[in-house]
Amino acid sequence: MSDWSTETLHDDYRQSLKIDRLLYDSETDHQRLKLFENKTFGRVLTLDDVVQVTEGDNFIYHEMLSHVPILSHGAARRVLIIGGGDGGMAREVLKHDAIDEVVMVEIDAGVVEFSREFLPGISAGAFDDPRLKLVIADGAEFIRTTEGGFDVIIVDSTDPVGPGEVLFTDHFYGHAKRALTPGGILVTQNGVPFLQGAELTNTMRAFKALFADWTCYLATVPTYAGGPMAFGWGTDGAARQVSLEELEARFAAAAISPDYYTPAVHQGAFALPGYVAKLMP
Ligand code: SAM
């Protein structure tokens, strides 16, 4: 057994993390789940050898995929999370006292059970919050049959391979739009544009056909290798027109203390560098 965990996500580019202590390595019903300790990033969870979450840098990803749409919306009450089995996204969403209900639809019960036991710091009690409704199901099936009524939908999925592939289809995005309330916001984990440009272009093409306001925003997560990660953004509302002053007022009222998110970082994240703008349809 090598004492390095090497990602095989890209043909000619590999990220490796040192395994200082292997805690778990086995198949679930859907994926190979591995957990190990690394001096720099703490506990690291991989699915099919792709880094999903680390104790060290998960705050960047979870804060930007939760606080950006919730504070942009300004009156969100019901949030849907597709995926997110480690509980980190629910942790950040549930920091907003104004949120009444969070429905989390995760395909792999093994990831949830496992994260509760071995990564309690990631969910930080979110799984025990009475506002959280956990559904073990395929997100594509759930979104096709749900009655909807969600102010914000967050797709915190794996990459478009294996069980996550169906979450990057026009069909899924169409049903997600239908499940939003008027002015509701859909945000998606959309890969690292420098290495996964086509993935972003495909999603943006679908959002362009579905939403009045569609784009992506960026944040760099050290263990999502290859530069900044893109987050898809789609809404028919004017949530992106909210002024910095108004965002600062909402941020203050929310009384949360993130380690990455600020209202200025929020607004700046939508300024796209040329190579990303060129990927937009
Ligand atoms: N932040 C990570 C990333 O960017 O790669 C994602 C973390 S989260 C652990 C991803 C979750 O999506 C996994 O728990 C996986 O089981 C779940 N997932 C994958 N396909 C799914 C599907 N079709 N429906 C619901 N959950 C799914």
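Where does Ala255 lie? Ala255 is placed in the loop between helix H8 (244-254) and helix H9 (263-268). The structure is a predicted model. This briefing covers its open sheet of seven strands, the surroundings of a ligand that the protein covers to 99% of its accessible area, and selected loop residues.

**The sheet**

- The seven strands of the open sheet follow the order S9-S8-S7-S10-S11-S13-S12, and their pairing is mixed.
- Strand S9 (132-136) and strand S12 (213-219) form the edges; each has a single partner strand, so one side of each has no neighbour in the sheet.
- From one strand to the next, the twist averages 15°.
- At the S9 edge, strand S8 (residues 101-106) runs parallel to S9 and is joined to S9 by five bridges. Within this pair, Val102 has Leu132 in S9 as its bridge partner.
- As a general rule, side chains in a regular strand alternate between the two faces of the sheet.

**Strand S10 and its neighbours**

- Strand S10 comprises residues 150-156, and seven of its seven residues are buried.
- On one pairing, strand S7 (residues 78-83) and S10 are parallel and share five bridges; here Gly83 stands opposite Asp156 of S10.
- On another pairing, S10 and S11 are likewise parallel and joined by five bridges. Ile154 has Val187 in S11 as its bridge partner.
- Helix H1 (residues 58-73) lies across S10, strand S11 (180-189), S12 and strand S13 (229-235). The direction of H1 is at about 165° to S11.

**The ligand and its surroundings**

- The ligand is surrounded by 26 residues, of which Gln31, Glu106, Gly139, Pro163 and Tyr224 are the closest.
- Gly139 contributes a polar backbone atom, which lies 2.8 Å from a nitrogen atom of the ligand.
- Tyr224 contributes a polar side-chain atom, also placed 2.8 Å from a nitrogen atom of the ligand.
- For Tyr61, an N or O atom of the side chain is 3.3 Å from a ligand nitrogen atom.
- On its own, the ligand has 600 Å² of accessible area, and the protein covers 99% of this area.

**Thr158**

- Thr158 is situated in the loop that connects strand S10 (150-156) with helix H6 (170-178).
- Thr158 counts as buried because its relative accessibility is 17%, which falls under the 20% cut-off.
- Leaving aside residues up to four places away in sequence, Thr158 touches Gln31, Leu47, Gln52, Gly164, Phe168 and Gln189. One of these contacts, Gln31, is also listed among the closest residues to the ligand.

**Loop residues with positive phi**

- Most residues other than glycine have a negative phi.
- Asp48 has a positive phi, near 50°, and is not a glycine. Asp48 is found in the loop between strand S5 (42-47) and strand S6 (50-54).
- Asp48 counts as partly exposed because its relative accessibility is 40%, a value between the cut-offs of 20% and 50%.
- Ala255 has a positive phi of about 50°, although it is not a glycine.
- Ala255 is exposed because its relative accessible area is 65%, over the 50% cut-off.

How values were computed
Residues are numbered from 1 along each chain as its sequence is written. This is a predicted model: local features need pLDDT of at least 70, side-chain atom pairs count only at pLDDT 80 or more; totals for chains, interfaces and linings use all residues. Side-chain values use heavy atoms; hydrogens and water are left out. Helices (H or I, at least four residues) and strands (E, at least two) are DSSP runs, numbered from the N terminus. Buried means under 20% relative accessible area, exposed over 50%, partly exposed in between (1.4 Å probe, protein chains only). Contact means heavy atoms within 4.5 Å. Two strands pair if DSSP finds at least two bridges between them. Axes are lines fitted to C-alpha atoms, for helices over the stretch in contact, and angles run from 0 to 180 degrees between N-to-C directions. A residue is near a molecule or strand if one of its heavy atoms lies within 4 Å of it. A polar contact is a pair of N or O atoms within 3.5 Å; within protein, one must be able to donate a hydrogen and the other to accept it, and residues adjacent in sequence count only if both atoms are side-chain atoms. Accessible areas come from the Shrake-Rupley method with a 1.4 Å probe; for residues, only the protein chains shown count as cover.
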